[in-house]
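Here is a short set of exercises to work through with the sequence and the model side by side. Try each task yourself before you read the solution.

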Amino acid sequence: MSHRAEVVTVPAEFVGRPGNLPRHCSRHGEPAVQHKDFLLQSKVKIQGSRFGQVQGRGALAMAERLDQHGKKVRVAEVKGWPLCRRCVRTRARWLAVACVFFLGGLALFAGSLIVAAVTDGMPWLAGVAVAGFALMPLSAFPFVRGSMSRLIGARASDDGSAVLIENPSRAFAAELPTTR
Ligand SMILES: [Zn+2]
């Protein structure tokens, strides 16, 4: 992807053992106020067939791709990843936005249906219901922004044996045994 990004590779074994990770966050290099356990996914890379090869068997090709997807995604377990105050705040904010989108959309959708059921004709209610319905899937975007992977700028390697950290802070990198 971005060629300028400095990527630091750390073995998954190391990251998966509690107490190994640095005391400073990977983004800002500030002291951690929280340590998180979670799973990191590898990048989803689906080897699509080229044009022409699969024309006419859409469903089959799709099933093949989904199968590949399941096989290709690897996860690495992370124990006690450091998050500083700013990281924690950023995550909380994005997740709150996602929640507002989802619950707000749900409330609009359900609310307008209920109002439409108890009142007679109010054509604009259908519009409100549609807007509410459209809002719910939009919550996926802030949700992804608040995800650990995006927050810390790390993912599992394609074979799941290592964790790749993009442009880690100096304080974080300094506390790692293996760099580059
Ligand atoms: Zn931070």
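**Exercise 1. Annotated spans**

Keep in mind that this is a predicted model. Work out how much helix and strand the model places in residues 94-118 and in residues 124-144.

*Solution.*
- Step 1: Start with the record. The unreviewed UniProt entry annotates residues 94-118 and 124-144 as "transmembrane region", and such annotations may be inferred rather than shown by experiment.
- Step 2: Take residues 94-118. This span is 100% helix and 0% strand, and its end C-alpha atoms are 36 Å apart.
- Step 3: Take residues 124-144. Here the model gives 95% helix and 0% strand, with 32 Å between the end C-alpha atoms.

**Exercise 2. The whole chain**

Describe the order of elements along the chain, and find what share of its residues is buried.

*Solution.*
- Step 1: Count the elements. The chain has 7 helices and 5 strands.
- Step 2: Read them from the N terminus: β-α-β-α-β-α-α-α-α-β-β-α.
- Step 3: Turn to burial. Of the 180 residues, 29% are buried.
- Step 4: Look at the surface. The accessible area is about 11,500 Å², and carbon and sulfur atoms supply 61% of that.
- Step 5: Check the contacts. Of those between residues at least 6 apart in sequence, 82% connect residues at least 24 apart.

**Exercise 3. Two residues of helix α3**

Decide whether S112 is buried or exposed, then do likewise for L106 and say whether L106 counts as buried, partly exposed or exposed.

*Solution.*
- Step 1: Place S112. This serine sits in helix α3, which covers residues 85-118.
- Step 2: Apply the cut-off. S112 has 4% relative accessibility, so it counts as buried, the limit being under 20%.
- Step 3: List the neighbours. Leaving out residues up to four places away in sequence, S112 touches A107, L125, V128 and A129.
- Step 4: Find the polar partner. A polar atom of the S112 side chain is 2.9 Å from the backbone oxygen of F109.
- Step 5: Move to L106, which is also in helix α3. Its relative accessibility is 37%, so L106 is partly exposed.
- Step 6: See what L106 belongs to. Together with F102 and L103, L106 makes a nonpolar surface patch of about 270 Å².

**Exercise 4. Salt bridges**

Find how many salt bridges the structure holds, and identify the pair that links distant parts of the chain.

*Solution.*
- Step 1: Get the total, which is 3.
- Step 2: Examine E13 and R17. Their closest N and O atoms are 3.9 Å apart, which falls inside the limit of 4 Å. E13 is exposed because its relative accessibility is 62%, while R17, at 45%, is partly exposed.
- Step 3: Examine E77 and K79. The closest N and O atoms of this bridge are 3.4 Å apart. E77 is partly exposed at 43%, and K79 is partly exposed at 25%.
- Step 4: Examine R86 and E30, whose side chains meet with an N to O distance of 2.6 Å. This pair answers the task: R86 belongs to helix α3, E30 to the loop between α1 (12-15) and β2, and the two are 56 residues apart.
- Step 5: Add the accessibility of that pair. R86 is partly exposed at 40%, and E30 is partly exposed at 27%.

**Exercise 5. Two loop residues**

Locate K43 and N167 in their loops, and state the sign of phi at N167.

*Solution.*
- Step 1: Place K43. This lysine is in the loop between β2 (34-41) and α2 (58-72).
- Step 2: Classify K43. A relative accessible area of 34% makes it partly exposed.
- Step 3: Look across the sequence. K43 and S157 are 114 residues apart along the chain, yet their C-alpha atoms are separated by 7.5 Å.
- Step 4: Place N167. This residue lies in the loop between β5 (162-166) and α7 (170-174), and it is partly exposed at 43% relative accessibility.
- Step 5: Recall the background. Most residues other than glycine have a negative phi.
- Step 6: Compare. N167 is not a glycine, but its phi is positive, at about 40°.

Terms used. Residues numbered from 1 in each chain as written. Predicted model: local features only at pLDDT ≥ 70, side-chain atom pairs only at ≥ 80, totals over all residues. Heavy atoms only, no water. Helix = DSSP H or I, 4+ residues; strand = E, 2+ residues; numbered from the N terminus. Buried < 20%, exposed > 50% of the residue type's maximum accessible area, 1.4 Å probe, protein only. Polar contact = N/O pair within 3.5 Å; in protein donor to acceptor, adjacent residues only side chain to side chain. Contact = heavy atoms within 4.5 Å. Areas by Shrake-Rupley, 256 points an atom, 1.4 Å probe, with all protein chains shown as cover. Patch = residues over 30% accessible without salt bridge, like charges linked within 9 Å, V, L, I, M, F, W, Y side chains within 5 Å.
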